[in-house]
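Thank you for making the time this morning. I would like to walk you through a structure that is new to most of you, going slowly from one part to the next.

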Amino acid sequence: MSRFGDVRGQPAAVEVLRSAVAADEVAHAWLVVGPPGVGQVELARALTAALNCPDAAQGEGCGVCPTCERIARGRHPACADLEPEGANHLVDAVRERWIPQATRGLAEGRRRVLRVVAADRMNESAQNAFLKVLEEPPPSTLWLLEADDAAALLDTVVSRCRRVDVLPWDQASMRAEARDLGVEDPDHIEVVARAALGSPQRLRALIAPDVEAARRTHLALLDRLAEGGPGLALPVAKELTTWAKSRVAPVAEDNAAELTRLDEEFGGDRGWPAGLRTAVKKRHERRERQEERAALDHVLDDLSSYLRDLVVVQAGGGSDVLVNLDHELELARDVRRLDTGQLLEALDAVAHCRQALERNGNPQLQLERLLLVLAVSLFARR
Ligand SMILES: [Zn+2]
């Protein structure tokens, strides 16, 4: 899918980008602000196709020509995704990879779209190095900076970009996506559409039976802490990190298979062009880290959605506004033993754990700390 018309859940962003292309007023740098994974890739591909498709019309690529097809798969010289190699984008990456890539001639196509994933994770020196190319943009290059937190970017970077906001998906888009993914039962569609919290990635994961089962385990965590007390923090943290690691196994297997195949193609691990094998292994490690992080995010999303529902029930909200529609009984039980102050404190603790993981904190230690805080702040006798 490489057409703006195929981008789901972001009508406002689509309109801004499509009309900019149609009017031939495409800024050389865009700042796409919003939570990750809500359509950034699809928007980037649609924009790249609109700018490079030989049959583009009215700000839209044709969607069927070989150029559009390769762009849809991210396999065209006009597409590039710049991802952080570790926790952050570093100045070396900006100087040694981004700038040469932006200034190099384009082998094919008219306009290169460089997508900076998690641009808000550039540190200050990386941003300063990046400013130079923003100030003197190469004519055939367009930057698409993606940021969840625009405040983490220097004003000088932000002011040189045109901003477009992306939002969590609405319920109608979620339900449509669930149906497209093959969920048929209307009750099930409603449950996963709400529990997905506006994130299509989370929706896709929730449809997998093992992740749905894990969600039920996560939502029951508070009850386990209520019964077992702070002593459960360590074993439960272990259990959760083991689950997150198990989610990485299929990706790790894929990566190992790819490395074996490439080793054979290059005639052994010494036959590779200089530096390439290291680069491939780095990419694999990054993928595995991302997968583990996504699994840990599931745990935190489940916990915070449950706490959020408790606050809502306490404030008198009905089932029409619940995220965890399938847990009404448990919510009614827990709301009787917790007060709003405790719940808000608990939500803070989850947010704190998420930040610590973003900064590459040790998952097991951070989860253990979170569970201890929850056990004590929610259930210890005062
Ligand atoms: Zn086309």
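**A walk from the sheet outwards**

Let me begin with a pair of strands: S3, which covers residues 112–116, runs parallel to S4, and the two are joined by five bridges. Please keep in mind throughout that what we are looking at is a predicted model. Within this pairing, Arg 112 stands opposite Thr 141 of S4, while Val 116 has Leu 145 of S4 as its bridge partner. The connection between the two strands involves helix H5, residues 124–135, and together S3, H5 and S4 make up a β-α-β unit that is right-handed.

S4 also pairs with strand S1, residues 29–33, again in the parallel sense and over five bridges. In that pairing it is Val 32 that stands opposite Glu 146 of S4.

If we now step back to the sheet as a whole, in what order do its five strands lie? The order is S2-S3-S4-S1-S5, and the sheet is an open one with parallel pairing. Its edge strands are S2, at 79–82, and S5, at 162–165, each of which pairs on one side only. On average, and ignoring direction, neighbouring strands of this sheet are turned by 20° against each other.

Let me stay with S4 a little longer, and ask how many of its seven residues are buried. The count is seven of seven across residues 141–147, so this strand is largely enclosed by the rest of the structure. As a general point, side chains in a regular strand alternate between the two faces of the sheet. With S4, both faces turn out to be covered, since Thr 141, Trp 143, Leu 145 and Ala 147 are buried on one side, and Leu 142, Leu 144 and Glu 146 are buried on the other.

From the sheet I move to the helices, beginning with H1, which takes in residues 11–22. At 1.5 Å a residue, its twelve residues should span 16 Å, and the C-alpha atoms at its ends are indeed 16 Å apart, which agrees. The buried residues of H1 are Ala 13, Val 14, Leu 17, Arg 18 and Val 21. Around the axis they cover an arc of only 120°, which puts them on the same side of H1. Among the elements that cover these buried residues are helix H2, at 40–52, and the edge strand S5. Just after H1 we come to Asp 24, whose phi is positive, at about 55°.

Helix H7, residues 171–180, can be read in a similar way, with Ser 173, Met 174, Glu 177 and Ala 178 as its buried residues. Looking down the axis of H7, these fall within an arc of 135°, so they line one face of the helix. Which residues, then, are exposed on the face of H7 turned away from its buried side? That face carries Gln 171, Ala 172 and Asp 180. The cover over the buried residues of H7 includes helix H8, at 186–195, and helix H9, at 200–207. Just after H7, Gly 182 takes a positive phi of about 95°.

Helix H8 also holds Arg 194, and here I would ask whether this residue is buried or exposed. Arg 194 has 20 C-beta neighbours inside 10 Å and therefore counts as buried. Leaving aside neighbours within four places in sequence, Arg 194 is in contact with Val 323 and Leu 325. By contrast, the C-alpha atom of Arg 194 is separated by 41 Å from that of Pro 54, which lies 140 residues away along the chain.

I will finish with two loop residues. Leu 197 sits in the loop between H8 and H9, and its phi is near 55°, a positive value in a residue other than glycine. With 19 C-beta neighbours inside 10 Å, Leu 197 counts as partly exposed. Asn 360 is placed in the loop between helix H15, at 340–358, and helix H16, at 363–379, and this residue, also not a glycine, has a positive phi near 65°. Because Asn 360 has 12 C-beta neighbours inside 10 Å, this residue counts as exposed.

Methods
Residues numbered from 1 in each chain as written. Predicted model: local features only at pLDDT ≥ 70, side-chain atom pairs only at ≥ 80, totals over all residues. Helix = DSSP H or I, 4+ residues; strand = E, 2+ residues; numbered from the N terminus. Pairing = 2+ DSSP bridges. Right-handed = clockwise from strand over helix to strand, strands pointing away. Arc of directions from axis to C-beta. Contact = placed C-beta atoms within 7 Å. Axes fitted to C-alpha atoms, helices over the stretch in contact; angles between N-to-C directions. Expected span 1.5 Å × (residues − 1).
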